[in-house]
There are 2 protein chains.
Amino acid sequence: MDSSKWAELHNVFYPNSVAVIGAYSNEAVEKDRWTGWLLNLGYRGQVYPINPRAKQILGFKAFASVKEVPGPIDYAVIAVPRSAVPTALKECIEKGVKIVHIFTAGFAETGETEGISLQKEIVSIIRGSNTRVIGPNCMGAYCPAGGLGFGGKFGSGPAQEPGPISALSQSGSGMDSLFIPGILVRGLRFSKLVSLGNCVDLGLEDFLEYLAEDNETKYIFCYIEGIKDGRRFLEAVKKCTDRKPVVILKGGVTPAGARAASSHTAALTSSAQVWETFYRQARVLNVDSFEEAVDQLTALARLSEKPGRRIAIVGRGGGAGVITADRCEKAGLFVPLLTEETRRKIIEVVPPEGSGLSNPVEVGISGRGKVSEHYYDVLRLVAEDPNIDMILVRINIEVASLVVEIGDEQIQEFVDIWAKATHTLPKPLAVVFDRGEYWQAMKLAYRMREACSKAGVASFPSVESATKAISKAIQYYESK
Amino acid sequence: MDSSKWAELHNVFYPNSVAVIGAYSNEAVEKDRWTGWLLNLGYRGQVYPINPRAKQILGFKAFASVKEVPGPIDYAVIAVPRSAVPTALKECIEKGVKIVHIFTAGFAETGETEGISLQKEIVSIIRGSNTRVIGPNCMGAYCPAGGLGFGGKFGSGPAQEPGPISALSQSGSGMDSLFIPGILVRGLRFSKLVSLGNCVDLGLEDFLEYLAEDNETKYIFCYIEGIKDGRRFLEAVKKCTDRKPVVILKGGVTPAGARAASSHTAALTSSAQVWETFYRQARVLNVDSFEEAVDQLTALARLSEKPGRRIAIVGRGGGAGVITADRCEKAGLFVPLLTEETRRKIIEVVPPEGSGLSNPVEVGISGRGKVSEHYYDVLRLVAEDPNIDMILVRINIEVASLVVEIGDEQIQEFVDIWAKATHTLPKPLAVVFDRGEYWQAMKLAYRMREACSKAGVASFPSVESATKAISKAIQYYESK
């Protein structure tokens with residue numbers, strides 16, 4: 001990507017001035033819309049609310065039109081009824097706005113004649129101009145370091161601190177309600193998010209090229225419904241995967257999904273086979289849902305030590321241990337025997353509980369609800385075993401909540417040990433929870449996972465999600 | 001199965017008298033052990049606590065040995081230290097006890113010389129006798145209609161009413177903590193459970209033959225680590241699947257899982273391929289975890305109308321709808337277009353919300369948090385569409401909890417509509433929840449699912465689990 005184009009897209013995330021076209025004069029409403037979100041995120045550039053019937057909105061002088069704004073505008077949000085979008089866009093171009101984000105929906109995605117023709121009008125308005133457009137029908141860009149973003153009740157609101165993950169999405173609601181909360185709950189944060197919508201101008205390809213060269217971005221996620229330029233897209237993804245992992249969720253890979261996608265973002269889709277080939281060629285980590293994307297990024301971001309495939313399972317419960325061992329090997333991980341020496345040392349520090357010490361290692365939350373004083377020592381011995389590359393701690397959450405009745409202070413005791421193991425032992429560690437069914441179990445799992453996130457401990461909501469995500473992360477690093 | 005053998009096994013579930021060998025004289029303890037559980041489950045036969053140092057336990061006259069019990073004993077639980085098991089067992093045989101359940105662990109599953117030789121001793125003691133043995137190293141039988149069972153803090157405690165599901169398991173803790181809670185939370189109940197342990201005498205094959213002919217059992221689940229007689233097992237399963245669905249979770253299908261299983265219940269396992277062939281031949285619904293078993297039985301028990309594969313997705317959120325459509329088709333379901341007529345009728349009752357009415361149908365929990373008054377009408381119109389066999393209602397739980405802020409009374413409003421649809425419409429309906437991440441979302445999902453269970457509405461914790469389970473249930477019925 002040449003540096004002038006990179007600088008152009010840099011304005012999307014670090015604009016010096018932002019206009020909000022269609023800011024509400026009712027400040028109680030606008031507080032939870034574009035102008036308010038800039039305030040929430042601590043945006044430090046110029047803010048220009050555009051509303052012909054207001055003098056001032058949330059402390060910023062309001063203007064009747066972008067044309068009346070005295071200084072230059074790097075980024076403008078258009079949030080007016082769809083019929084007013086063409087005029088607003090023309091004015092932005094006249095003003096020389098660098099980036100326009102059209103939030104308004106009701107264009108080609110409706111499938112109606114009026115929406116389709118309005119979208120065509122937008123395309124013809126921007127043709128030949130120097131203004132670049134995001135959308136329509138999307139939430140636009142979010143970059144906490146730039147102070148820019150969408151917010152509200154969801155994820156982006158409380159996440160003012162930046163992190164290593166960047167995401168591009170052709171579904172606003174999917175990203176907002178399924179993806180962002182999952183990442184935040186795991187204690188991870190975002191560098192940049194772009195909700196892309198109908199992509200009349202800037203698309204996935206542009207932002208992938210940008211993110212490939214963006215040092216703030218360590219991991220990339222894309223939710224894709226359709227792409228415009230297959231070859232350029234493939235090249236852009238490859239540029240990224242040479243430097244950092246790319247997780248892709250492709251919506252519309254089946255006939256019904258494709259039909260739903262075309263009515264959602266007016267996207268043209270390709271067959272599942274084409275995508276499979278592409279994933280292999282480009283070393284993409286493909287996932288089947290937003291939830292799986294969250295798990296995959298957790299594995300990448302939390303277990304970045306490039307763990308090997310030889311895993312030790314630590315946790316109590318015979319049948320559950322058998323199923324976990326099966327799950328690991330089905331996912332392409334190995335569950336080798338611990339060495340004789342390790343087993344001998346473990347028996348020295350803890351008396352055998354349950355039936356197995358060879359792997360699975362049946363040590364963990366004990367029947368008396370206490371954190372065994374030697375629990376950390378066992379984790380250390382396992383981590384020091386030459387047969388083992390990483391540790392999977394399995395928590396039977398129903399037993400922990402109902403039999404052992406773990407309370408808040410005990411949650412912290414356990415998490416402190418896992419955190420100590422995570423931060424001091426030579427091998428990575430992940431904590432996985434069996435699915436809770438009873439209310440107490442779900443509550444305990446939530447609290448334990450919350451404490452894990454705060455302590456920087458990798459945790460997963462199920463054995464299946466953990467093993468799948470860990471195995472794919474290893475595969476990516478192995479292919480480098 | 002000949003009738004005398006059937007009658008013999010019937011004693012396991014409907015014994016006229018039960019001896020508890022090793023009952024605690026401390027009633028506070030025994031209240032939450034075998035004698036107390038008989039009381040909890042309303043057992044109406046004779047109860048004989050066996051304890052040489054007690055006169056009476058929990059209101060029942062205690063005896064020093066089974067040999068001193070005046071009447072006959074149908075079922076005896078042996079819950080004494082392992083070294084005392086051989087003597088207790090010999091006395092049971094002398095007394096002519098019909099069924100002995102050895103709860104005590106510490107036999108071949110330990111892999112130690114002492115445990116292995118004690119198990120051999122047990123085998124030689126029972127050889128030639130008329131006493132049949134369950135275990136050792138297991139929880140034995142549970143049958144609420146017979147008033148017999150294990151209890152405690154887990155599932156079986158609160159489930160005194162019988163239901164259509166019977167389960168056989170070679171893992172006590174797996175069934176107790178992973179399987180039973182899931183079934184109970186879904187509002188389903190059990191006819192019979194057997195925790196089998198090391199199977200020195202009675203095994204899977206015996207109970208499968210019994211359950212095949214048991215009219216109280218409509219659905220069967222087995223957790224298997226190893227089988228003794230492959231041919232007899234296959235025949236027994238086939239006898240069952242000719243009459244009712246059998247869900248099997250096989251532990252130890254990978255090398256590591258098999259090794260873990262051998263140290264857990266001393267089971268001999270076979271390769272994954274042998275099992276795959278067996279599943280096909282015997283029309284078994286195989287699953288990969290206890291959680292998946294719960295979902296599979298929910299699909300079978302709640303959607304027993306033998307729905308076809310053409311599914312309508314009803315719920316808001318564009319991207320989530322695309323992914324759900326993909327998930328359905330990947331699982332072997334079809335997401336056809338609604339007829340023109342249905343779409344026309346839907347538009348008459350509700351103004352279009354979101355972008356799609358063709359399928360996915362974007363109608364549901366609205367932005368204003370109200371149950372649309374026409375919500376039921378839309379479900380009815382969809383159910384009446386000739387292209388559609390069943391309805392999948394998808395709930396974006398983060399949106400429902402955080403944007404719409406649904407309260408308790410609204411939960412009931414929604415569930416009432418789903419219940420009305422379930423019980424009045426010509427097609428089955430299932431409600432699926434996206435995985436909740438924030439605390440509010442998890443809480444709302446739990447409450448909604450709890451209300452669904454009470455109202456007899458099928459619900460699933462994820463789109464993936466629902467589509468997989470539904471598709472396999474249909475496959476079983478199609479193969480009949």
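**Exercise 1. How many salt bridges are there between chain A and chain B?**

Conventions: this is a predicted model, in which local features need pLDDT of at least 70 and side-chain atom pairs count only at pLDDT 80 or more, while totals for chains, interfaces and linings use all residues. Residues are numbered from 1 along each chain as its sequence is written, chains are lettered from A in the order in which they are written, and side-chain values use heavy atoms, with hydrogens and water left out.

Step 1. Apply the criterion: a side-chain nitrogen of Lys or Arg within 4 Å of a carboxyl oxygen of Asp or Glu.

Step 2. Between chain A and chain B, the count is 8 salt bridges.

Step 3. A salt bridge joins the side chains of A:E292 and B:R327, with an N to O distance of 3.7 Å.

**Exercise 2. Describe the extent and make-up of the interface.**

Step 1. With contact taken as heavy atoms within 4.5 Å, 73 residues of chain A are in contact with 71 residues of chain B.

Step 2. The buried area (the accessible area, with a 1.4 Å probe, that two parts lose on being put together, summed over both) is about 5700 Å² between chain A and chain B, and carbon and sulfur atoms give 59% of this. Of the area that chain A buries against chain B, 12% is supplied by A:R435, A:E437 and A:W439, more than by any other three residues.

Step 3. A polar contact is a pair of N or O atoms within 3.5 Å; within protein, one must be able to donate a hydrogen and the other to accept it, and residues adjacent in sequence count only if both atoms are side-chain atoms. Across the interface of chain A and chain B, 28 residue pairs satisfy this rule, both residues being at pLDDT 80 or more.

Step 4. Helices (H or I, at least four residues) and strands (E, at least two) are DSSP runs, numbered from the N terminus. Elements of chain A that each supply at least two residues of the side touching chain B include α6 (172-185), β12 (246-250) and α17 (439-455). The largest share of that side, 10 residues, comes from α12(A).

**Exercise 3. Determine how the two copies are related.**

Step 1. Superpose the copies by least squares on the C-alpha atoms of residues with pLDDT of at least 70 in both.

Step 2. Chain A is superposed on chain B by a rotation of 180 degrees with 0.0 Å of shift along its axis (RMSD 0.0 Å). The two copies are therefore related as by a two-fold rotation axis.

Step 3. Of the interface residues of chain A, 97% are also interface residues in chain B, so the copies meet through the same surface.

**Exercise 4. Identify a salt bridge and an aromatic pair within chain A.**

Step 1. Over all chains, the structure holds 64 salt bridges. In one of them, the closest N and O atoms of A:R394 and A:D434 are 3.1 Å apart. A:R394 lies in strand β15 (residues 390-395) and A:D434 in the loop between β16 (429-433) and α17 of chain A, so the pair ties together parts that are 40 residues apart in sequence.

Step 2. Rings of Phe, Tyr and Trp (its six-membered ring) pair if their centres lie within 6.5 Å; planes under 30 degrees apart count as stacked, over 60 as edge-to-face and the rest as tilted. The search finds 41 aromatic pairs over all chains.

Step 3. A:F233 and A:W275 form an edge-to-face pair, at 5.9 Å centre to centre and 65 degrees between the planes. A:F233 belongs to helix α8 (residues 230-241) and A:W275 to helix α10 (residues 272-282) of chain A, 42 residues apart.
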